[in-house]
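The following paragraphs lead the reader through a structural model, beginning with its charged pairs. Please keep the sequence and the coordinates at hand while reading.

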Protein chains: 2
Amino acid sequence: MRGRKITSADVAARAGVSQSAVSRVFTPGASASPRTVQKVRKAAAELGYRPNVIARTMASGRSRIIGLVVAYLDNYFYPEALEKLSKLLQDRGYHVLLFMASQTAENVDDIVERILDHQVDGIVAASAGLGSELSARCRAAGVPVVLFNRSQDDPSLSAVTSDNVAGGRRVAEFLLAGGHGRIAYIAGWEGASTQRDREFGFLAGLARGGAALHSRAAGEFRLETARTAARVLFAGPDRPDAVFVANDHMAFGVMDVLRHELGLSVPGDVSVVGYDDVPPAAWPAYDLTTVRQAATRMVAETVAILIDQIEQACDEPRRIAISADLRVRGSARVPAGWSR
Amino acid sequence: MRGRKITSADVAARAGVSQSAVSRVFTPGASASPRTVQKVRKAAAELGYRPNVIARTMASGRSRIIGLVVAYLDNYFYPEALEKLSKLLQDRGYHVLLFMASQTAENVDDIVERILDHQVDGIVAASAGLGSELSARCRAAGVPVVLFNRSQDDPSLSAVTSDNVAGGRRVAEFLLAGGHGRIAYIAGWEGASTQRDREFGFLAGLARGGAALHSRAAGEFRLETARTAARVLFAGPDRPDAVFVANDHMAFGVMDVLRHELGLSVPGDVSVVGYDDVPPAAWPAYDLTTVRQAATRMVAETVAILIDQIEQACDEPRRIAISADLRVRGSARVPAGWSR
DNA sequence: ACCCGCTTTGCATACGAATGCAAGGCCGGA
DNA sequence: TCCGGCCTTGCATTCGTATGCAAAGCGGGT
């Protein structure tokens with residue numbers, strides 16, 4: 001037995017006003033006299049009326065919903081970002097409709113089509129790219145898109161990342177200053193701009209210090225692959241004395257292999273540096289030196305861009321790279337003179 | 001310049017049929033002749049038509065959206081569950097609208113009201129309770145609610161948990177069998193049924209083994225509080241030789257304090273057991289013995305209940321406790337004869 | 001007392017698809 | 001050939017709110 005729903009017409013009848021008056025009372029910025037407001041609020045409270053968001057969307061064309069595409073949540077950078085994103089949007093009266101891009105099943109483009117079906121006011125694509133015809137459709141539909149922690153060439157897409165190139169460079173400088181001579185790199189998924197930029201900056205930094213990469217393996221941003229990569233890199237006699245891992249998630253796996261499988265000491269035998277500064281990086285068990293990718297600021301920028309484009313119809317896409325500082329902890333030898 | 005939207009009427013005109021015919025072609029189970037289907041599909045493809053989900057919701061009264069309330073994502077049990085939940089629902093044609101219950105700002109009831117405004121077809125409340133008048137409103141609105149990883153007395157609410165009592169008991173048996181004599185407990189947030197049930201089972205298990213609790217401290221399910229609790233419990237000379245921590249998230253913090261602040265060996269000096277079996281529990285750095293709370297099965301049951309209630313209108317609420325086995329790893333002394 | 005201008009209000013319609021109802025088409029059986 | 005019944009189809013209406021427009025109300029200045 002589900003009670004009939006209370007509509008604005010019911011409230012109007014009880015308050016002795018028109019349905020539009022009720023609507024105006026619940027529409028911020030609409031004109032209504034104090035007397036009307038009071039009558040309507042009273043009637044609404046007595047009936048337990050709540051505006052129907054779907055109908056509102058239908059009529060106004062604005063859903064106050066943001067579609068979010070995420071590929072995986074096992075890299076703990078994303079839960080953190082998701083939590084902050086959702087909260088920030090809630091504060092602005094928006095909500096997140098979640099779409100998981102199961103890496104296997106479907107491609108992101110299909111998902112974005114489905115997102116558009118929901119009449120979202122904006123889209124955030126975290127760690128995912130967009131086909132160019134899809135980005136065109138979004139533009140045609142007037143739905144702004146922000147790439148989060150990824151960027152791509154399409155100039156019509158906004159993107160928020162950390163300054164991956166500078167971050168990578170900084171790691172190189174740090175490791176060189178620490179006197180490391182055999183420096184390795186474990187890469188992320190090669191299709192990701194973050195991977196490419198981090199590696200580019202890192203290699204540039206090494207080169208500028210007159211050094212070259214000792215060895216390299218692909219980790220694909222996946223834990224198990226990174227572990228395998230570590231086993232391979234550290235198999236021979238001429239093993240690295242430092243390794244930069246393209247994100248923290250993989251770095252944990254690498255440290256585990258080094259310490260618990262190969263019996264190496266970190267940072268005694270090998271220095272390990274990660275990227276992201278996810279919460280577990282600060283846990284004493286890992287105490288991982290890493291590049292801080294400020295999720296809070298990245299999310300704030302993402303929301304700012306989105307809201308601007310939605311509400312001001314300020315149409316220019318923006319691309320932002322948040323500065324990325326090194327977080328010096330205990331997993332890598334600290335050069336003399338560097339403060340933690 | 002946003003192109004005018006393509007509606008079913010546009011498709012109808014181009015295909016030479018009525019708008020209802022178009023609607024029927026896109027409504028599974030509606031009757032349409034093969035000829036009509038073909039004409040409509042062709043026209044739709046040519047125009048790039050996609051049904052407007054909002055309008056469909058408006059007309060049909062069903063949104064195929066599930067509202068999800070989560071309090072925090074820093075306990076990594078929830079990202080895992082969220083990912084699985086979202087994927088499973090996507091496979092069934094549903095989507096997740098996310099609501100973060102910032103523990104400070106608002107209470108869950110307010111949030112659920114806002115969820116209801118969105119005409120969701122169902123609600124999942126993860127680690128959160130519901131006021132009784134709110135649960136009545138949901139019932140009145142015909143919106144099924146499933147509590148995830150929490151249960152409460154209200155018999156109109158479905159709930160999916162692990163068998164926390166049995167899980168707690170099993171930990172007690174394991175620790176006693178391991179010959180521990182000074183067994184401590186670090187509690188979760190006292191308002192949570194999971195906390196109460198785990199402790200109840202644990203104490204019952206101790207009692208049945210003729211033992212009593214050595215000491216207890218409150219961890220509130222929060223990392224920092226758990227660390228403090230560990231410092232307090234292990235401050236005196238008569239420190240515990242085993243501690244059951246109410247979830248893994250806190251257990252990591254406890255292990256870190258024991259090892260890196262107090263210089264104790266785990267499991268040499270102290271055995272630590274957690275609850276949840278989140279992914280990092282299996283990482284060698286922690287290698288945490290814990291109670292496996294099968295997220296996959298819990299999510300599957302949650303979805304099953306939800307869909308049943310939505311689609312069959314099978315109205316009886318169900319409460320399910322998934323069996324919870326001990327995952328024996330290296331953080332606690334293993335009794336002779338127990339297999340890992 | 002009169003007029004101008006701003007605020008408030010109601011009316012009517014739009015948003016886009018789903019669906020009850022009745023009419024039309026088609027088929028088979030007698 | 002005629003009739004009954006089922007499958008298709010279109011018409012008209014519905015869902016609940018927002019909003020353009022025009023009318024009404026109100027207040028102040030002269």
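Which side chain meets that of A:R198 in a salt bridge? The partner is A:D276, and the N to O distance of the pair is 3.6 Å. The model is a predicted one, and the values in this text are to be read with that in mind. The two residues belong to distant parts of the chain: A:R198 sits in helix α9 (residues 193–208) of chain A and A:D276 in strand β9 (residues 271–276) of chain A, 78 residues apart. A:R198 has a relative accessible area of 2% and therefore counts as buried. A:D276, with a relative accessible area of 2%, is buried as well. Buried here means under 20% relative accessible area.

Further salt bridges may be set beside this one. Over all chains, the structure holds 42 salt bridges. One of them joins A:R170 to A:D325, with the closest N and O atoms 3.6 Å apart. A:R170 is part of helix α8 (residues 164–177) of chain A and A:D325 is part of strand β12 (residues 325–327) of chain A, so this salt bridge ties together parts that are 155 residues apart in sequence. A:R170 counts as partly exposed because its relative accessibility is 28%. A:D325 is likewise partly exposed, at 46% relative accessibility.

In chain B, the side chains of B:R231 and B:E261 form a salt bridge with an N to O distance of 2.7 Å. Helix α10 (residues 223–233) of chain B holds B:R231 and helix α11 (residues 248–261) of chain B holds B:E261, so the pair ties together parts that are 30 residues apart in sequence. The relative accessibility of B:R231 is 31%, and the residue therefore counts as partly exposed. For B:E261 the relative accessibility is 45%, which also counts as partly exposed. Side chains of opposite charge can pair when their charged atoms come close.

The account now turns to the interface of the two protein chains. Chain A contributes 53 residues to the contact, and chain B contributes 53 residues. Between them the chains bury about 5,000 Å², of which 61% is on carbon and sulfur atoms. A:I54, A:Y76 and A:W283 supply 15% of the area that chain A buries against chain B, more than any other three residues.

Charged and polar pairs also occur across this interface. The rule finds 4 salt bridges between chain A and chain B, and 14 residue pairs are in polar contact across the interface, both residues being at pLDDT 80 or more. On the side of chain A that touches chain B, the elements that give two or more residues are α4, α5 (77–91), β2 (95–100), α6 (108–117), α7 (132–141), α10 (223–233) and α11 (248–261) of chain A. By class, this side of chain A has 27 nonpolar, 13 polar and 13 charged residues. In one salt bridge, B:R50 pairs with A:E113, and the closest N and O atoms are 3.7 Å apart. A network of salt bridges links A:R50, B:E113, B:D117 and B:R137.

A single position in chain B may be examined next. Is B:S135 buried or exposed? B:S135 counts as buried because its relative accessibility is 2%. The residue is located in helix α7 (residues 132–140) of chain B. A polar atom of the side chain of B:S135 lies 3.3 Å from the backbone oxygen of B:S132. When neighbours within four places in sequence are left aside, B:S135 is in contact with B:L130, B:D154, B:S156 and B:L157.

The last region is the surface near DNA strand C. The strand is surrounded by 26 residues, the closest being A:S33, A:T36, B:S8, B:S23 and B:R56. Of the atoms of DNA strand C that come within 4 Å of the protein, sugar and phosphate account for 58%. The surface near the strand has 10 nonpolar, 13 polar and 3 charged residues. At least two residues of this surface come from each of α2 (19–25) and α4 (53–60) of chain A and α2 (19–25) and α4 (53–60) of chain B; α4(B) gives the most, with 5 residues.

Individual atom pairs complete the picture of the strand. A phosphate oxygen of DNA strand C lies 3.0 Å from a polar side-chain atom of A:S18. Base oxygens are approached too: one is 3.0 Å from a polar side-chain atom of B:R24, and a base oxygen of the strand is 3.5 Å from a polar backbone atom of A:A59.

How values were computed: Residues numbered from 1 in each chain as written. Chains lettered and ligands numbered in written order. Predicted model: local features only at pLDDT ≥ 70, side-chain atom pairs only at ≥ 80, totals over all residues. Heavy atoms only, no water. Near = heavy atom within 4 Å. Polar contact = N/O pair within 3.5 Å; in protein donor to acceptor, adjacent residues only side chain to side chain. Helix = DSSP H or I, 4+ residues; strand = E, 2+ residues; numbered from the N terminus. Nonpolar A, V, L, I, M, F, W, Y, C, P; charged D, E, K, R; others polar. Buried < 20%, exposed > 50% of the residue type's maximum accessible area, 1.4 Å probe, protein only. Contact = heavy atoms within 4.5 Å. Buried area = accessible area lost by both parts, 1.4 Å probe.
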